[in-house]
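Me: Hi! Could you walk me through this structure while I look at it?
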Amino acid sequence: MSDSNASSLPHLPSSQAQAQASGAWSPQQKSSETRLIIYRSDVMTQLMKMIERVAPSQANVLVLGESGTGKELLARALHEKSARKSKPFVAINCGALRETLLESELFGHEKGSFTGAYSRKIGLAEAANGGTLFLDEIGELPLSIQAKLLRFIQEGEIFRVGGKESIKVDIRLVCATNRELDQEVVRGAFREDLFYRINTIVVSAPPLRRRKEDIPILVTHFLNSGSPTFLNRGKTIDEEAMAVLTKYEWPGNIRELQNVCERLQILSEGHMIMVNDLPDSIRNPETKDEGTEFDPSVPLYELEKRYILKALGHYGGNKTQAAQGLGITIKTLYNKLHEYGEFEKYAVHSKPAKD
Ligand SMILES: Nc1ncnc2c1ncn2[C@@H]1O[C@H](COP(=O)(O)OP(=O)(O)OP(=O)(O)O)[C@@H](O)[C@H]1O
Ligand SMILES: [Mg+2]
């Protein structure tokens with residue numbers, strides 16, 4: 001795909017036009033929002049062909065990719081292109097909940113099985129019966145729950161916490177991680193037998209910097225997104241500004257691009273977005289704010305908090321990635337967020353069943 005081809009795309013008038021001009025595929029959504037998968041690069045075209053082939057099978061799929069590369073979107077596509085599409089797609093983030101809570105969220109619990117279990121609760125695995133269970137950040141799954149998940153995959157049955165009877169559940173499992181799961185196996189943090197059960201098929205979402213041909217069409221798409229009545233919808237972008245966006249490396253991938261586009265939609269003046277409207281960090285990515293000057297008004301604690309929240313912003317709110325980037329464990333990150341009173345804002349990502 002040549003550059004000149006890519007730079008002619010910003011002028012496409014609507015998302016429908018984009019859909020025709022590129023590969024674009026829309027999972028059926030019950031909500032009014034339609035999630036298009038926008039792409040035109042060869043690497044994504046190949047990937048979507050693979051999704052088409054894999055989706056109708058029963059195989060468990062492991063989706064790999066850096067933060068913000070569209071792993072969840074691909075998981076939904078696998079569901080929507082399967083015979084299970086009329087049944088629920090249920091997602092849970094394995095990194096967001098503490099061990100005991102995660103187990104009861106996943107498998108449910110019986111009334112009185114622990115303090116606070118006032119009534120029976122159906123877990124997400126059961127709620128997904130007939131459909132797809134998406135286990136996001138599977139690398140964060142504690143070993144005790146890995147054992148239970150393995151048993152479930154082998155037997156097709158679950159036990160609610162405190163439950164004596166097994167319950168048959170038929171689900172297709174799609175897992176995602178931005179970790180090197182094979183390394184986790186070597187480290188002993190992830191069970192090898194479970195690893196081989198969940199990775200029958202591996203789908204790798206490439207980082208945005210490896211498919212820059214997709215950037216212009218994504219920018220146009222995001223600038224046209226949002227409520228149709230939103231006045232700032234449908235802004236166009238100057239060619240030079242588009243070139244700057246295309247040159248940038250996008251460490252937070254599509255999520256970062258989407259955030260930037262949303263900000264441009266709201267904050268830029270006029271109908272045409274110019275280079276000057278772009279955030280400094282994107283226009284001058286080399287100039288990093290070192291923050292090393294000593295400032296007596298800023299205690300170390302405050303500096304640490306700012307740095308941690310900055311890292312979360314950088315990785316589009318992804319805790320695993322932020323913890324890795326900061327060189328701390330995810331547990332430490334959660335503890336810090338608790339201290340700052342920011343836990344609720346960043347930690348909860350458990351999605352209810354859709355039916
Ligand atoms: N090809 C695409 N076309 C349009 N939107 C996309 C595409 N890929 C990703 N997005 C959007 O980018 C955002 C991030 O995607 P998604 O949540 O699927 O990524 P992820 O890999 O699961 O990220 P994380 O690792 O942070 O959980 C979502 O809002 C998604 O709708
Ligand atoms: Mg995700």
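Reply: Sure, below we go through the chain, one of its sheets, a helix residue and the ligand shell.

Me: Is this from an experiment or predicted, and how many helices and strands does the chain have?
Reply: This is a predicted model. The chain has 17 helices and 13 strands.

Me: What share of the residues is buried?
Reply: Of the chain's 355 residues, 36% count as buried.

Me: And the contacts, what part do residues 24 or more positions apart account for?
Reply: Counting contacts with a separation of 6 or more, 73% are between residues 24 or more positions apart.

Me: Let's look at the five-stranded open sheet. What is the strand order?
Reply: The order is 4-7-10-3-11, and the pairing is parallel. Strand 4 (89–93) and strand 11 (201–204) are the edge strands, each pairing on one side only. On average, neighbouring strands of this sheet are turned by 20 degrees against each other, ignoring direction.

Me: Why is strand 10 described as largely enclosed?
Reply: Six of the six residues of strand 10 (residues 172–177) are buried, so the rest of the structure largely encloses it. A residue counts as buried if 20 or more other C-beta atoms lie within 10 Å of its own.

Me: Which residues of strand 10 point which way?
Reply: Arg172, Val174 and Ala176 point one way, while Leu173, Cys175 and Thr177 point the other way. That fits a general pattern: side chains in a regular strand alternate between the two faces of the sheet.

Me: Which residues stand opposite Val174?
Reply: Val61 stands opposite Val174, and so does Phe134. Strand 3 and strand 10 run parallel and are joined by four bridges. Strand 7 (residues 132–136) also pairs with strand 10 in the parallel sense, over four bridges.

Me: And what is the bridge partner of Leu62 in strand 11?
Reply: That partner is Val202. Strand 3 (residues 61–64) and strand 11 pair in the parallel sense over four bridges.

Me: Changing topic: where is Glu262, and why does it count as partly exposed?
Reply: Glu262 is in helix 12. It counts as partly exposed because it has 15 C-beta neighbours inside 10 Å. Its C-alpha atom is separated by 7.1 Å from that of Phe222, 40 residues apart along the chain.

Me: Now the ligand. Which residues come nearest to ligand 1?
Reply: Of the 20 residues around ligand 1, the nearest are Ile38, Gly70, Lys71, Glu72 and Asn318. The shell divides into seven nonpolar, nine polar and four charged residues.

Me: Which elements and domains supply that shell?
Reply: Strand 2 (37–39), helix 4 (71–80) and helix 12 (253–267) each supply at least two residues. Domain 1 (3–25 + 211–283) and domain 2 (42–204) each give at least three.

Conventions. Residues are numbered from 1 along each chain as its sequence is written. Chains are lettered from A and ligands numbered from 1 in the order in which they are written. This is a predicted model: local features need pLDDT of at least 70, side-chain atom pairs count only at pLDDT 80 or more; totals for chains, interfaces and linings use all residues. A residue is near a molecule or strand if its C-beta atom, placed from the backbone, lies within 6 Å of it. Ala, Val, Leu, Ile, Met, Phe, Trp, Tyr, Cys and Pro count as nonpolar, Asp, Glu, Lys and Arg as charged, and the others, Gly among them, as polar. Domain bounds come from an automatic or database domain assignment. A residue is buried if 20 or more other C-beta atoms lie within 10 Å of its own, exposed if 12 or fewer, and partly exposed in between; C-beta atoms are placed from the backbone. Two residues are in contact if their C-beta atoms, placed from the backbone, lie within 7 Å. Two strands pair if DSSP finds at least two bridges between them. Axes are lines fitted to C-alpha atoms, for helices over the stretch in contact, and angles run from 0 to 180 degrees between N-to-C directions.
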